[in-house]
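Hi,

Here is the structure I promised to pass on. Have a look at it first, and my notes on what turned up follow below.

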Amino acid sequence: TARLGSGTASSSTVLYGDQTYKAEPGGTNTPYFRAALSSSQATTDATTTKVTFDSEIYDSDGAYDPTTNYRFTPQTAGYYMITLSLSIYKPATILNAGNAYIYFNGASVAGGHMGNHGSQYSNSTPEANMLIYFNGSTDYVEAYTYIDTSTGVTGNVSGPSAGTWFQGFRILT
């Protein structure tokens, strides 16, 4: 009789490439969240500004705060995929730059940039994505933007908008 691998074959084990039977992989991609803006947010020209995502679309473990600090602080350690998309709009002026930044524990770790559109009624949708390890207790992420117009007037992050969201989920390892 041929024997495949070491360990015990059963309905709850899998034969891995190293020829050993191990517990079947599994789990859930929690915690996860998705947040949106309930209305457009004005920003000061050429200034990095926190985007105050004040509306939860979903939040599996209550780890996103939509009322006080607008941040995701998961209490489960692991790797998380964090994504940010901002629909930036500035009527009646030229949009020189529209940027989206993911901040981890107060420092920028990922960013997306949309440059000079050269026309009035400009808009852009920069995105930022990052795979980040969270310690499961104090690590957090926040969303920021930088909007620069040609005339020093206020830019806007559009909300509610299909192009404006902040989300993340734990990666199974």
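S158 counts as buried because its relative accessibility is 18%, and the cut-off for buried is under 20%. This serine sits in the loop that runs between β14 (155-157) and β15 (165-170). Leaving out anything within four places in sequence, S158 is in contact with L37, S40, S87, Y89 and T164. Before you read on, please keep in mind that this is a predicted model.

One of those partners, S87, deserves a few words too. S87 is in the loop between β7 and β8 (88-90). Is S87 buried or exposed? With a relative accessibility of 15%, S87 counts as buried. Residues up to four places away aside, S87 touches S124, T125, N156, V157, S158, S161, G163 and T164. You can also look from S87 across to G98: they are 11 residues apart in sequence, and their C-alpha atoms are 8.9 Å apart in space.

Now for the chain as a whole. Which elements is it built from? The protein chain has 15 strands and 0 helices. Its C-alpha atoms fill a box of roughly 80 × 35 × 25 Å along the principal axes. The radius of gyration is 21 Å, whereas a compact globule of 173 residues would come out near 16 Å. Of the 173 residues, 40% count as buried. Take the contacts between residues at least 6 apart in sequence: 68% of these join residues at least 24 apart.

A little on the surface and the charges. The accessible surface of the protein chain is about 8600 Å², and carbon and sulfur atoms account for 50% of that. The chain carries 7 positive and 12 negative charges, and the mean positions of the two sets lie 7 Å apart.

Next, the inside. Nonpolar side chains in soluble globular proteins tend to be buried together. In this model, the largest nonpolar core has 27 residues, and F53, I82, V141 and F166 are the ones with the most contacts inside it. Strands β3 (32-36), β7 (78-85), β9 (95-104), β12 (127-134) and β13 (141-149) each give at least two residues to this core. Which strand supplies the largest share? That is β9, with 4 residues.

If you want one residue to centre your view on, try I82. Not counting neighbours within four places in sequence, I82 is in contact with F33, F72, I102, A128, N129, M130, I132, F134, V141, F166, Q167 and G168.

Then there is G78, which lies in strand β7. Its relative accessibility is 11%, so G78 counts as buried. Beyond residues up to four places away, G78 touches I132, Y133 and F134. G78 and D61 are 17 residues apart along the chain, and their C-alpha atoms are separated by 15 Å.

Finally, some backbone details to check as you turn the model around. Most residues other than glycine have a negative phi, and most peptide bonds are trans. Here are the exceptions I noted:

- T30 and P31 are joined by a cis peptide bond, with omega about 0 degrees. P31 is in the loop between β2 (21-23) and β3.
- The peptide bond from G159 to P160 is also cis, with omega near -10 degrees. P160 is in the loop between β14 and β15, where S158 lies as well.
- A46 is not a glycine, yet its phi is positive, at about 55 degrees. It is found in the loop between β4 (41-43) and β5 (48-50).
- Y70 is not a glycine either, and has a positive phi of about 55 degrees. Its place is in the loop between β6 (55-59) and β7.

How do A46 and Y70 stand in terms of burial, and what are their values? A46 counts as partly exposed because its relative accessibility is 36%. Y70 is buried, with a relative accessible area of 17%.

Happy browsing, and write back with any questions.

Best wishes

Technical notes
Residues are numbered from 1 along each chain as its sequence is written. This is a predicted model: local features need pLDDT of at least 70, side-chain atom pairs count only at pLDDT 80 or more; totals for chains, interfaces and linings use all residues. Side-chain values use heavy atoms; hydrogens and water are left out. The radius of gyration is taken over C-alpha atoms; the globule rule is 2.2 Å times the number of residues to the power 0.38. Buried means under 20% relative accessible area, exposed over 50%, partly exposed in between (1.4 Å probe, protein chains only). Contact means heavy atoms within 4.5 Å. Accessible areas come from the Shrake-Rupley method with a 1.4 Å probe; for residues, only the protein chains shown count as cover. Lys and Arg count as positive and Asp and Glu as negative; His and the chain ends are not counted. The place of a charge is taken as NZ of Lys, CZ of Arg, CG of Asp or CD of Glu. A nonpolar core is a set of buried Ala, Val, Leu, Ile, Met, Phe, Trp, Tyr and Cys residues joined through side-chain atoms within 4.5 Å.
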